Amino acid sequence: QMQLVESGGGLVQPGGSLRLSCAASGFILDYYPIGWFRQAPGKEREGVSCISASDGSTSYADSVKGRFTISRDRDTVYLQMNSLKPEDTAVYYCGRSGDHYCTIPKVEVWGQGTQVTVSS
């Protein structure tokens, strides 16, 4: 069974940092583009960042550029989140993408999500 499992969420003060991890079972993570997505209460799920399988190229939503960094090794994809803001509060999901751009309709496998709350 193909699964993704996120970890690393939690409660952090504004300006703080968290590192999320995404691990796979049932398939080799390194073979696929992997994206991070988030969904805040009452809002649609949105793309945060994507990392390719071939050359490790990355992309970011404008709202997180310069603050978040996506990286990967063979078994895990990470999202380093710095300078967190209250508006970053959401459930964060990783997803295995069927295209190079990590568009939501093309995500083939979703994790269960991890809660990130930014609050003082």
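This note sets out numbered points on the side-chain contacts of the structure above, which is a predicted model.

1. Disulfide count and pattern. The chain contains two disulfides. Counting the bonded cysteines along the chain, their connectivity is 1-3, 2-4. The two links are taken in turn below.

2. The link of Cys22 and Cys94. The sulfur atoms of Cys22 and Cys94 lie 2.1 Å apart, and the two residues form a disulfide. The angle about the S-S bond is 75°, and the link is right-handed. Cys22 belongs to strand 3 and Cys94 to strand 9, so this disulfide ties together parts of the chain that are 72 residues apart in sequence. As for solvent exposure, Cys22 is buried at a relative accessible area of 0%, and Cys94 is likewise buried at 0%.

3. The link of Cys50 and Cys102. The second disulfide joins Cys50 to Cys102, with an S to S distance of 1.9 Å. The link of Cys50 and Cys102 is right-handed, with 60° about the S-S bond. Cys50 is in strand 5, whereas Cys102 is in the loop between strand 9 and strand 10, so the pair ties together parts 52 residues apart in sequence. Cys50 counts as buried at 4% relative accessibility; Cys102 also counts as buried, at 6%.

4. The nonpolar core. The largest nonpolar core comprises 26 residues. Those with the most contacts inside this core are Trp36, Phe68, Val77, Leu79, Met81 and Tyr92. At least two core residues come from each of strand 3 (18-25), strand 4, strand 5 (46-51), strand 7 (68-72), strand 8 (76-81), strand 9 and strand 11 (114-118). As general background, nonpolar side chains in soluble globular proteins tend to be buried together.

5. Aromatic pairs. The structure holds three aromatic pairs. One of them is formed by Phe37 and Trp110, an edge-to-face arrangement with 4.9 Å between centres and 65° between the planes. Phe37 lies in strand 4 (residues 34-39) and Trp110 in strand 10 (residues 107-110), so the contact ties together parts that are 73 residues apart in sequence. Phe37 counts as buried at 0% relative accessibility, whereas Trp110 is partly exposed, with a relative accessible area of 30%.

6. The aromatic cluster. Trp110 also pairs with Tyr93, again edge-to-face, at 6.3 Å centre to centre and 85° between the planes. This pair links distant parts of the chain, with Tyr93 in strand 9 (residues 90-97) and Trp110 in strand 10, 17 residues apart. Tyr93 counts as buried at 13% relative accessibility. Phe37, Tyr93 and Trp110 together form one aromatic cluster. The centre-to-centre distance of Tyr93 and Trp110 is 6.3 Å, and the pair is counted because the criterion admits ring centres within 6.5 Å.

7. Arg96 and two rings. The charged end of Arg96 sits over the ring of Phe27, 4.8 Å from the ring centre. Arg96 also lies over the face of Tyr32, at 4.0 Å from the centre of that ring.

8. Salt bridges: count and network. The count of salt bridges comes to seven. Side chains of opposite charge can pair when their charged atoms come close. Arg38, Glu46, Arg67 and Asp88 are linked in a network of such bridges. Within this group, the side chains of Glu46 and Arg38 meet at an N to O distance of 2.7 Å. Glu46 counts as partly exposed at 35% relative accessibility, while Arg38 is buried at 6%.

9. Further salt bridges. Asp30 and Arg72 meet in a salt bridge at 3.6 Å, N to O. Asp30 is in the loop between strand 3 and strand 4 and Arg72 is in strand 7, so this bridge ties together parts 42 residues apart in sequence. Asp30 is partly exposed, with a relative accessible area of 30%, whereas Arg72 is buried at 18%. Arg74 forms a salt bridge with Asp75, with 3.7 Å between the closest N and O atoms. Arg74 is partly exposed at 47%, and Asp75 counts as partly exposed at 49%.

Note on methods:
Residues numbered from 1 in each chain as written. Predicted model: local features only at pLDDT ≥ 70, side-chain atom pairs only at ≥ 80, totals over all residues. Heavy atoms only, no water. Phe/Tyr/Trp six-rings, centres within 6.5 Å; stacked < 30°, edge-to-face > 60°. Helix = DSSP H or I, 4+ residues; strand = E, 2+ residues; numbered from the N terminus. Buried < 20%, exposed > 50% of the residue type's maximum accessible area, 1.4 Å probe, protein only. Lys NZ or Arg CZ within 6 Å of the ring centre and 35° of its normal. Core = buried A, V, L, I, M, F, W, Y, C linked by side-chain atoms within 4.5 Å. Disulfide = S-S within 2.5 Å. Salt bridge = Lys/Arg side-chain N within 4 Å of Asp/Glu carboxyl O.
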